[in-house]
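The following report concerns pockets, ring contacts and selected residues in one predicted protein model. The sequence and the structure are shown first.

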Amino acid sequence: MSENLKPEERELIKLVGFFKKRAERLMEEKKVDEDYKQLIETCDKLVAQLEMHARNRDIVLGEREQLKSLVKDNATCPKCSSNANLKLIGTDVNDKGWKSNKYKCRKCNIEFVWNAPNNPWDMIPYVENFLSNLETKLSEEPDEALKQHTADVLSLMKANLDKLKPVVEASDLDFAELEEREREMSEMVHKFKKHLLIEKIRMED
């Protein structure tokens, strides 16, 4: 049995196993009709569907976790400018709804929220906002050398953003599809469990 199954899915698969053994024995003893063959086939299909869904869920959620880890803080204490004594103590949400990491510097004994988001979803609007501000400053910059350097930085950041956006969008699409499938599977598990429990009672009569 797949390790990725939810408790209710696991429970149904155990019930299916019990039902199949019992139905096969009763068919051999000619105590139930051949209609049970079809129900056994349906049981097998359902178990295969559940295990495939569990594997897919594992892949989608695993990729999502990987995506979260793409954004890494290079946080430093605002007082001692070091990261050597930092401890992650939680997260904070700003007025724009962006989540950032909250740290404690054990050396300076202060807590602070890092000034950048801790996930790709919030990082996209954060970078877009940053680029917009940078473009405004660039148009007002009189120093040509500094202007060129800023333009190069802008270009690099835009290229990175263009790579990140489709990855995040694809992950969101996969996740939305998974949630829809989860609802369908949950309903199916509930209905089929009910059906099997009724059949189990009939067998025991």
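The report treats the pockets, then the aromatic and polar side-chain contacts, and finally individual residues in helices and loops.

The model is predicted, so local features need pLDDT of at least 70 and side-chain atom pairs count only at pLDDT 80 or more, while totals for chains, interfaces and linings use all residues. Residues are numbered from 1 along each chain as its sequence is written, and side-chain values use heavy atoms, with hydrogens and water left out.

## Pockets

Rolling a probe the size of a water molecule over the atoms shows where empty space is left. Here a pocket is an open set of points on a 1 Å grid over the protein atoms alone, where a 1.4 Å probe fits and protein lies on both sides within 12 Å along at least five of seven lines; lining residues have an atom within 4 Å of a point. Grid points are joined across faces, edges and corners, and a volume is the space filled by probe spheres set on the points.

The largest pocket encloses about 240 Å³. Its lining consists of L70, V71, K72, D73, N74, W114, A116, P117, M123 and L164. Strand β3 (residues 110-117) contributes the largest share of this lining, three residues. Strands are DSSP runs of E with at least two residues, helices are runs of H or I with at least four residues, and both are numbered from the N terminus. By class, the lining of the largest pocket comprises seven nonpolar, one polar and two charged residues. In this classification Ala, Val, Leu, Ile, Met, Phe, Trp, Tyr, Cys and Pro are nonpolar, Asp, Glu, Lys and Arg are charged, and the others, Gly among them, are polar.

The second largest pocket has a volume of about 190 Å³. It is lined by M123, Y126, V127, F130, M157, N160, L161 and L164. Helices α3 (120-140) and α4 (144-204) each provide at least two of these residues. Seven nonpolar residues, one polar residue and no charged residues make up the lining of the second largest pocket.

## Aromatic and polar contacts

A pair of aromatic rings is described by the distance of the centres and the angle of the planes. Rings of Phe, Tyr and Trp (its six-membered ring) pair if their centres lie within 6.5 Å; planes under 30 degrees apart count as stacked, over 60 as edge-to-face and the rest as tilted. A search of the whole structure yields two aromatic pairs, tabulated here.

| Pair | Centre to centre | Angle between planes | Class |
|---|---|---|---|
| W98 and Y126 | 5.9 Å | 85 degrees | edge-to-face |
| Y103 and F112 | 5.8 Å | 25 degrees | stacked |

The pair of W98 and Y126 links distant parts of the chain, 28 residues apart: W98 belongs to the loop between β1 (86-93) and β2 (99-105), and Y126 to helix α3. Accessibility is classed as buried under 20% relative accessible area, exposed over 50% and partly exposed in between (1.4 Å probe, protein chains only). W98 is buried at 11% relative accessibility, whereas Y126 is partly exposed at 23%. In the stacked pair, Y103 is buried at 10% and F112 is buried at 9%.

The charged end of R64 sits over the ring of F175, 4.2 Å from its centre; this description requires NZ of Lys or CZ of Arg within 6 Å of the ring centre and within 35 degrees of the ring normal.

E9, in helix α1 (residues 7-28), is buried with a relative accessible area of 3%. The side chain of E9 makes a polar contact with the side chain of R57 at 2.8 Å. A polar contact is a pair of N or O atoms within 3.5 Å; within protein, one must be able to donate a hydrogen and the other to accept it, and residues adjacent in sequence count only if both atoms are side-chain atoms.

## Exposed residues in loops and helix α4

N74 occupies the loop between α2 (35-68) and β1 and is exposed at 64% relative accessibility. The C-alpha atoms of N74 and A116 lie 9.6 Å apart, with their positions 42 residues apart in sequence.

S81 is found in that loop between α2 and β1. Its phi is positive, near 60 degrees, in a residue other than glycine, and S81 is exposed at 56%. N109, in the loop between β2 and β3, is not a glycine and has a positive phi of about 55 degrees; N109 is exposed at 56% relative accessibility.

K191 lies in helix α4 and is exposed at 55% relative accessibility. K191 and L12 are 179 residues apart along the chain, and their C-alpha atoms are separated by 10 Å.
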